[in-house]
Amino acid sequence: MADASLLALPVELIHRILNNLDACSIIFSVRKVCKRFYEIVNLYDQYELNFDSMSESCLKIISRFIQPEKITSLVLRNMWYESEKIKIFLSFFDTSQLIRIQSITLGLSNQASDSQLLQHLNISNLVSLNIHSTSNRPGKELNFISKVMVQSHFRKLCLAESHYNIMRIPWPDRCTITFLTIKSCSLEEYNFLLQHLAYLRTFITTKFITDTSNQLNSLPSVSAYYSQLMSLMILNSSLSITEFESILSLTPSLVKLKLISYRSNFDSITNGSDWEYLIRNTLSSLRTFEFFFSYTLRKGTDTEDLTLMIDRFRTSFWLQEKKWIITCDYFLTRNTINLYTTPTCPKDFEKKMEPIKWMYGSLPCIIRFKSLPIDDKFNSNIHLLRGTDDAIQSQTIRNIDLENNGIGEDGAIRIAEGIKSIKTLTGLNLGKNQIGIRGAKYLSNALQQNMIINHVYLEDNQICDEGVGFLAEALKSHTTLVSLHLGSNKIGITGTQYLSNVLRNNTKIRRIYLENNEIADEGVQFLSEALANNEELNILDLSDNKIGDQGALYMGEALREHMALRVLNLSSNEISAATADHFYESFQNKNKLVQFDLKGNEECDAVAMEGSLQIRNDKKTIALDLRSNKIGDKGAKYIAHALQNNTVINNCYLFTLKRLRLTDNRDGHFIALETAACIKGQKNFKQLLLSSSRIGNNGVRYLTEALRHNSTISIIDLSGNQIDDEGLHCLTDFLKNNKSVHTLKLNTNSITDTGAAYIAEMLNKNTTITALELNSNKIQDEGMENLADVIMKNNTLTTLGLTNNPSVLGVVLEQFVTVRHNKRLTKLQICGKHIGINGAKYIGLSLQENTTLTELDLTYCRIGEEGIKYIADALNYNKVLTKINLTRNQVGNAGVQYLADALQHYPTLVRLNLEENEIDGQGAQYLANVLEPILVLEELNLNRNIIGEQGAKYLADALTKSKTLIRLDLGNNQIGNEGALYLAKALENHRVSINFEPYR
């Protein structure tokens, strides 16, 4: 998978991807990515033109690139706004050539532009038609629909956004539609459609109209049914179970059914037993049943009725035979229920809830029932709730989670009344509900009767000091409390004092969250005194509390020997750098902090402090990324100190940090110095990633000295570090005998030819480096040649980067390594790089070793006659190339002779391009001599040379002998009339396409 690339995908698969893009993206973006994508887009023939998302200028431009026969879909939903685009479309595209249109989406409004477009559309291959119409005189539209429906390929008609009278549409006698969507339908119209559409498989109506005129009884009494329909969707109705039964009895072969109904009365439509009977006796083939029924409960209906209702969906038919799970949501304040299959819920559900949202500020909370087996401890948790008078009757509820539900003070009061009798409640989450002081007061009264509560979450509720006082009174005797969340509640010094009284009595609490309050130094003093005897505290969050130096010192003194403390958050306070350092030092002995957050205080190395404690105390840390954190001298020392002591044995567990990232911090070589110290004390250091750290030559010296004692380092990245040849020499000297490094990155430094010589010397001895990157340095031709000598012999190197150096030979050497090791590579392309003779030499050597390349493209590389000789020599060994492109390379006659000699009896060459190469008649003679021996050559391009009349004569004679050539390009070659006559005569008995336009 390492070689996986979008470019390597088959054309057919890329065309599948293009099917999901708009025409503008394909033409203006994908087509310009590369030559391969350019060619693939030119072959693509499944365009959708969406006028709604396309500007007029864009339409004009793409009309030059897309032929009408390559368009398969048109979308014009807003035709009344797009008249100018329609005119442009009709003027730039030959509509008679729109012969492959399969899908059309139109928005019609009875304007002149509608008729103009409709009469030009080619519908002979149309499969799908979607019409959005606002017309009050749809005569022409209906005629167009009727004309479409008689087409042999037509299958899908969508009229969900059109107000047509179904009975007035001129349905053809032999209509082949299999899919129909309409806006509304009555039972009479439904019966009419089933009678006239013998092939209909899927029918969707946005709304099913109730038969106010008793049409159910007026229909024929014969037991007519229609077996063709397989899928039915009624997306909005107020039908009863009786009406649904009448509708469904017409189509007993249904496999998929989706129903949505909104009624004002609670009736038998919610009876699972009735639906089971109907499905067993009428719809025996039904596999998929999705429904959403919304109803208002009768006054006096209680939750026992809901439990009974959901029990009827718990039978073996629903749960085992069909595996359909039903959910019932009871909206207390609206006295409404929604009954629906899980996970299906209608797309317009949110829309239907908008009036309720507007009234309550958010969706009212609900009690949720599910038709899971009884063994699942039905109703053991309430997830959503507003109001509890008739809801919370269970004595087994353990957790109530109502976070962010807009409950407010009144809702909190109702909940408090409900939970008084719940003796099993261990968790209560009312966070982000604005319950205020009153809500906190009533909750505290309820909690006084519960002695097993473990978790209380009340953040962001505007409780303030007074509300905390009520809660503290309730919780002071609760020894079971484990977590207390009171962040963002405007708690000040007084409120903190109330909490401290709770914490003095409860020495087992483990997690306290008081972030974003107003505790200040005095409040911290109360907390510190209260927590002094707590030996189990794991997490304490006091971030954003206006805590200064004195408060930090109080907390540090109280917690410095707390062995259980793992997380301490003091971020975004007013703590100075000096106090932060003192605080950090106080946690160096017994404390086991793994997360210590001081970010957002005065300038200090907070990230380094946290990182060092994590390294020292977190036994699971094997990687640490501290990039781009502006770590300074002191912070680097913190990290170094922790790393030097981080290999410890604790209960037979060996902890070793294997990767450290400090890139993009400050202080250049100092970071290298501290990192070197870490490496010396850390024998399992595997990846050194210090790019863009400005460590310089001194930094390299520190690091290499440390690495001599390391046998596990595998990756070194020192890119962008101001390293020149001197610093490089230290590194290469270390790497000569190293057996662990496989990747070396030195991009964007100041390495010259001298440094390249050091690299070459190192590669002569090193047998483990497989990836070497020297991009964006200062290596000239001499340095590249030194590298080339060793790369030719080195079979270990599989990846080489030499881009953006002064010498273009780097590109050739990159390709040499790629060609040698990539056995899937079929095309070698170097265009516009003046690689010269030496570059051609290396290309030739790579061709001699490769047996998978089929295409060679060296366009405009200036390799000249001598360079061609290296390529020609390689062809004596490589016999698999099918395409060779040597355009603009100053090949000349001598170069052509080398090439012609090598191509004698070449078994695979199909296309040879020698355009613009200073070839005259003599060179043409060399090529003519090999046209017959080359067994499979089909195309020869000699455009923009100077072969003249004599050269044309040589080639004409050769054409009479060649059995495979089908295309010869001799444009712009000064062949004159005589030359053209020679060629014309040769063509009398040979079917070869020749371009020999006169030279201008």
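Trainee: What makes the approach between the side chains of Glu814 and Thr803 a polar contact?

Mentor: In this predicted model, the side chains of Glu814 and Thr803 come to 2.8 Å. The cut-off for such a pair of N or O atoms is 3.5 Å, so the term polar contact applies.

Trainee: Which backbone atom does the side chain of Glu814 reach?

Mentor: The side chain of Glu814 reaches the backbone nitrogen of Leu802, at 2.4 Å. Leu802 and Thr803 also appear among the residues in contact with Glu814 beyond four places in sequence, together with Asn775, Leu800 and Gly801. Glu814 itself lies in helix H29, residues 809-821.

Trainee: How do you know that Glu814 has no salt bridge?

Mentor: The nearest side chain of opposite charge, Lys833, is 8.7 Å away. A salt bridge requires a distance within 4 Å, so Glu814 has none. Glu814 is nonetheless buried.

Trainee: Why is Phe244 called buried?

Mentor: Its relative accessible area is 0%, and buried means under 20%, so the term applies to Phe244. Phe244 belongs to helix H10, residues 241-248. Its contacts beyond four places in sequence include Ile234, Leu259, Trp275 and Phe293.

Trainee: Why are helices H26 and H27 called roughly parallel?

Mentor: H26 (residues 725-735) and H27 (residues 753-765) pack at an angle of about 0 degrees, with their axes 9 Å apart. Angles under 35 degrees count as roughly parallel, so the description fits H26 and H27.

Trainee: Which residues meet where these helices pack?

Mentor: Asp725, Leu728, His729, Thr732 and Leu735 of H26 meet Thr754, Gly755, Tyr758, Ile759 and Met762 of H27.

Terms used
Residues are numbered from 1 along each chain as its sequence is written. This is a predicted model: local features need pLDDT of at least 70, side-chain atom pairs count only at pLDDT 80 or more; totals for chains, interfaces and linings use all residues. Side-chain values use heavy atoms; hydrogens and water are left out. Helices (H or I, at least four residues) and strands (E, at least two) are DSSP runs, numbered from the N terminus. Buried means under 20% relative accessible area, exposed over 50%, partly exposed in between (1.4 Å probe, protein chains only). Lys and Arg count as positive and Asp and Glu as negative; His and the chain ends are not counted. A polar contact is a pair of N or O atoms within 3.5 Å; within protein, one must be able to donate a hydrogen and the other to accept it, and residues adjacent in sequence count only if both atoms are side-chain atoms. Contact means heavy atoms within 4.5 Å. Axes are lines fitted to C-alpha atoms, for helices over the stretch in contact, and angles run from 0 to 180 degrees between N-to-C directions. Angles under 35 degrees count as roughly parallel, over 145 as roughly antiparallel, 65 to 115 as roughly perpendicular and the rest as oblique.
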